[in-house]
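Q: I'd like a close look at one chain of this model, with its sheet as the focus. Please walk me through it in one go, unusual backbone spots included.

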Amino acid sequence: MRISLGGVLALLITLWSLQALAVIETYEFSDPALEERYHSLSEELRCPKCQNQNIADSNAPISRDLRRLLYEQLESGASDGEILEHMVARYGEFVRYRPRFAGATVILWLTPFILLLAGAAIVALTLRSKGSRGGEHPLSDAERARVDNLLANREGSD
Amino acid sequence: MGSRLKLFLPLFLFAVLALLLFRGLSLDPMEMPSALIDRPLPAFSLPELASGELLDAAAVAGEVSLLNVWATWCVSCRVEHPYLVSLADSGVRILGLNYKDEDAAALRWLQDLGNPYQFNIADRQGTLALDLGVYGAPETYLLDAEGVVRYRHVGVVDERVWQTVLEPLYSELRAAVAAESP
């Protein structure tokens, strides 16, 4: 197979541009554990502007600000709970991908379980009604005689 | 339950889904209540745009006001600016929060397009905006006379928004102030 120079270049350019997109500002952490927490928290915090991205993925200016805030708070020794509290105080429960279980979020948390129970109930009811109808009917003598008759006729016609 | 009724189950589910989706058409997912509703404006100490004099939360209080978050890089702010000027002319107290902007550009903007703001807080780093929970300009906060946030509108303030949303709340707050100090 011949590989054209153009093809290789095109491939390189594609890969290179993806690389460029992935570069968001980097922070130097005094402790690798902080960096670990930075990554997990920035994936849990939602970008208020873009809504369906977390602040780690989003390049919106507000996400950049929130990442900087997150970095500063981590370096100043705040706990995960304090940081989330700080963010929620500003942007509301919306900013968390795992909102706390309270008032407005009850439906959000409970609906999956309610639906699961409802599904289980429907399955149980369906199975029960199938069972009561009796899946297998043994043939009566008259029916058996008719089947035998039909089969015999069929063999005869061949 | 009759098995004939059961046949209508999909239709029923479809109707429920259609109703929900239809409702969703008229909802704006970008519209989120501010986390600061009924809480005082966060503490800050930032310079005034033109004079450089330091401002804090006390400067904001005293009168029912609109706090408008704007910037020269914000296209929608230019759209709403003329309406803010006319609001200010009609006697509404409007304060500006100049958000992550360059002072020179902001001052030129006010000179060219008119200045509806009683004063402007120059939030060059966006620190106050971050504490306020601003996630994009323009945003407009309705503050009561004590400087407590009562409402937040995200997006352009125009005749429709003012008449239907902000003005009723604004009048209500003004009436409350008038009732307190006869």
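**Chain B, starting from a lysine**

A: Let's start at B:Lys100, which counts as partly exposed because it has 18 C-beta neighbours inside 10 Å, and a residue needs 20 or more to be called buried. Keep in mind that all of this comes from a predicted model. B:Lys100 sits in the loop between strand E4 (94-99) and helix H5 (103-113) of chain B. Its backbone stands out too: phi is positive, about 45°, although the residue is not a glycine. That catches the eye because most residues other than glycine have a negative phi.

Now step back from that loop into the strand before it. Five of the six residues of E4(B) are buried, so the strand is largely enclosed by the rest of the structure. E4(B) belongs to an open sheet of five strands in chain B, ordered E5-E4-E3-E6-E7, with mixed pairing. The edges are strand E5 (120-123) and strand E7 (149-154), each of which pairs on one side only. Neighbouring strands in the sheet are turned by 20° against each other on average, ignoring direction.

"Mixed" is easy to see if you take two pairs in turn. Strand E3 (residues 65-70) of chain B and E4(B) run parallel and are joined by five bridges. If you want a landmark there, B:Leu66 stands opposite B:Ile94 in E4(B). Over at the E7 edge, E6(B) and E7(B) pair in the antiparallel sense, also over five bridges. Two landmarks help here: B:Glu139 stands opposite B:Val154 in E7(B), and B:Leu142 has B:Tyr151 as its bridge partner in E7(B).

These two strands make a hairpin with five residues between them, and B:Gly147 in that hairpin takes a positive phi near 80°. The sheet has a helix on it here as well: helix H7 (residues 159-180) of chain B packs on the sheet and touches E6 and E7 of chain B. The direction of helix H7 makes about 170° with that of E7(B).

Follow the chain back to where E6 begins and you meet another backbone oddity. B:Ala137 and B:Pro138 are joined by a cis peptide bond, with omega about -5°. As a rule, most peptide bonds are trans. B:Pro138 lies in the loop between helix H6 (127-132) and strand E6 (139-143) of chain B.

There are two loop residues away from the sheet that I'd also click on. One is B:Asp38, which has a positive phi of about 65° without being a glycine. It belongs to the loop between helix H2 (9-25) and strand E1 (46-47) of chain B. B:Asp38 counts as exposed because it has 10 other C-beta atoms within 10 Å, and 12 or fewer is the limit for that label.

The other is B:Ala50, placed in the loop between E1 and strand E2 (54-55) of chain B. With 15 C-beta neighbours inside 10 Å, B:Ala50 is partly exposed. What makes B:Ala50 handy is its link across the sequence: B:Leu107 is 57 residues away along the chain, yet the two C-alpha atoms are 7.1 Å apart in space.

So how does the whole chain look? Chain B has seven helices and seven strands, and read along the sequence they follow the pattern α-α-β-β-α-β-α-β-α-β-α-β-β-α. Among contacts in chain B with a separation of 6 or more, 73% are between residues 24 or more positions apart. Still, chain B isn't a neat ball. Its radius of gyration is 21 Å, while a compact globule of 182 residues would come in near 16 Å. The C-alpha trace spans about 80 × 45 × 30 Å along its principal axes, and 32% of the 182 residues count as buried.

Last, the neighbour. Ten residues of chain B are in contact with twelve residues of chain A. The chain B side of that contact is made of six nonpolar, three polar and one charged residues. Chain A itself is divided into domain 1 (10-97) and domain 2 (101-128), and the C-alpha centres of those two domains lie 33 Å apart.

Conventions. Residues are numbered from 1 along each chain as its sequence is written. Chains are lettered from A and ligands numbered from 1 in the order in which they are written. This is a predicted model: local features need pLDDT of at least 70, side-chain atom pairs count only at pLDDT 80 or more; totals for chains, interfaces and linings use all residues. Helices (H or I, at least four residues) and strands (E, at least two) are DSSP runs, numbered from the N terminus. The radius of gyration is taken over C-alpha atoms; the globule rule is 2.2 Å times the number of residues to the power 0.38. Two residues are in contact if their C-beta atoms, placed from the backbone, lie within 7 Å. Two strands pair if DSSP finds at least two bridges between them. Axes are lines fitted to C-alpha atoms, for helices over the stretch in contact, and angles run from 0 to 180 degrees between N-to-C directions. Ala, Val, Leu, Ile, Met, Phe, Trp, Tyr, Cys and Pro count as nonpolar, Asp, Glu, Lys and Arg as charged, and the others, Gly among them, as polar. Domain bounds come from an automatic or database domain assignment.
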